[in-house]
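Biologist: I'd like a close look at one residue and whatever surrounds it. Could you start there and then work outward?

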Amino acid sequence: MAAKQVVDSVTMQRALTRITYEIIEQNKDLENLVLVGIKTRGIYLAERIAKRLAQLENLTVPVGELDIRLYRDDVHHQLDHHHQPNVEGSSLPVSITDRHVVLVDDVIFTGRTIRAALDALMDQGRPQKISLAVLVDRGHRELPIRPDFVGKNIPTSLNEEINVQVAELDGTDGISISKVEA
């Protein structure tokens, strides 16, 4: 079955704007905010939220990138936990210690990516607070993780896949669903 588009670029932009407004409403101290996008598409979404925050609040919010590959529980690795791991693909423009970090990702599914991201973040510093913003919540959680900001709830079956396209990578914005072949 071919992918079926469920969200177009206009609706996707509205969802990101809604997330941005919710972040503003729920945070009195926006000066303490740091947006951290989870590679790969989360980074572009975090940058868009930061741009919208700049437009709405005349405020420059730092945006970082988080590479969670070393922290995934489906990748077996040997890490010396006595030393801070070198997370090569991660880049945080400011210290996250005592800051409010908003983790940004494209889709939340089982929660395992977010668990890995939390571990990666904690190795970078000790935030005052961590919130989670996702463009799509598709359900099927395996861990007790719930996003604070959701662009769209798109219930799926386990044999479906959500595909998020961002113009920066894919040439277009949109969200589609496709069947996964067993």
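In which strand is I175 found?

Modeller: I175 has its place in strand β8 (residues 174-179). Elements here are DSSP runs numbered from the N terminus, with helices being H or I runs of at least four residues and strands E runs of at least two. Before we go on, this is a predicted model, so local features need pLDDT of at least 70 and side-chain atom pairs count only at pLDDT 80 or more, while totals for chains, interfaces and linings use all residues. Residues are numbered from 1 along each chain as its sequence is written, and side-chain values use heavy atoms, with hydrogens and water left out.

Back to I175. Its relative accessibility is 1%, so I175 counts as buried; buried means under 20% relative accessible area, exposed over 50% and partly exposed in between, using a 1.4 Å probe and protein chains only. Leaving out residues up to four places away in sequence, I175 touches K4, Q5, V6, V7, M12, L135, V136, I154, I162, N163, V164 and Q165. Touching, or contact, means heavy atoms within 4.5 Å. On that list, M12 is a good one to follow: it is 163 residues from I175 along the chain, yet the two C-alpha atoms are separated by 7.8 Å.

M12 takes us to helix α1, where M12, A15, L16, T17, I19, T20, I23 and I24 are buried. That spacing is worth a glance, because an α-helix has 3.6 residues a turn and residues three or four places apart point the same way. α1 has 18 residues and reaches 26 Å from its first C-alpha to its last, close to the 26 Å expected, where the expected span is 1.5 Å times one less than the number of residues. At the start of α1, a side-chain oxygen of D8 comes to within 3.3 Å of the backbone nitrogen of V10.

α1 (9-26) is also part of what covers the buried residues of helix α2, along with elements including β2 (33-38), β3 (63-66), β4, β5 and α4 (167-170). The buried residues in α2 are G42, I43, L45, A46, R48, I49, A50 and L53. The 17 residues of α2 (residues 41-57) should span 24 Å, and the end C-alpha atoms are 24 Å apart, which agrees. Just before α2, in the loop between β2 and α2, you'll find T40; the peptide bond from K39 to T40 is cis, with omega near 10°. After α2 comes N58, in the loop between α2 and β3. N58 has a positive phi near 50° although it is not glycine, and it is exposed, with a relative accessible area of 72%.

Two of the strands covering α2 are β4 and β5, and S131 in β5 (residues 129-137) shows where they meet up. S131 is buried at 4% relative accessible area, and its side chain makes a polar contact with the side chain of H100 at 2.7 Å. A polar contact is a pair of N or O atoms within 3.5 Å; within protein, one must be able to donate a hydrogen and the other to accept it, and residues adjacent in sequence count only if both atoms are side-chain atoms. Beyond its neighbours within four places in sequence, S131 is in contact with H100, V101, V102, L103, D148 and F149.

One last stop is helix α3, which holds A120. A120 is buried, with a relative accessible area of 0%. Apart from residues up to four places away in sequence, A120 touches L66, I68 and Y71. D67 lies 53 residues from A120 in sequence and 7.9 Å away in space, C-alpha to C-alpha. The side chain of D67 in turn makes a polar contact with the side chain of R69 at 2.4 Å. R69 is in the loop between β3 and β4, and it is exposed, with a relative accessible area of 57%. So the walk that began at buried I175 ends at exposed R69.
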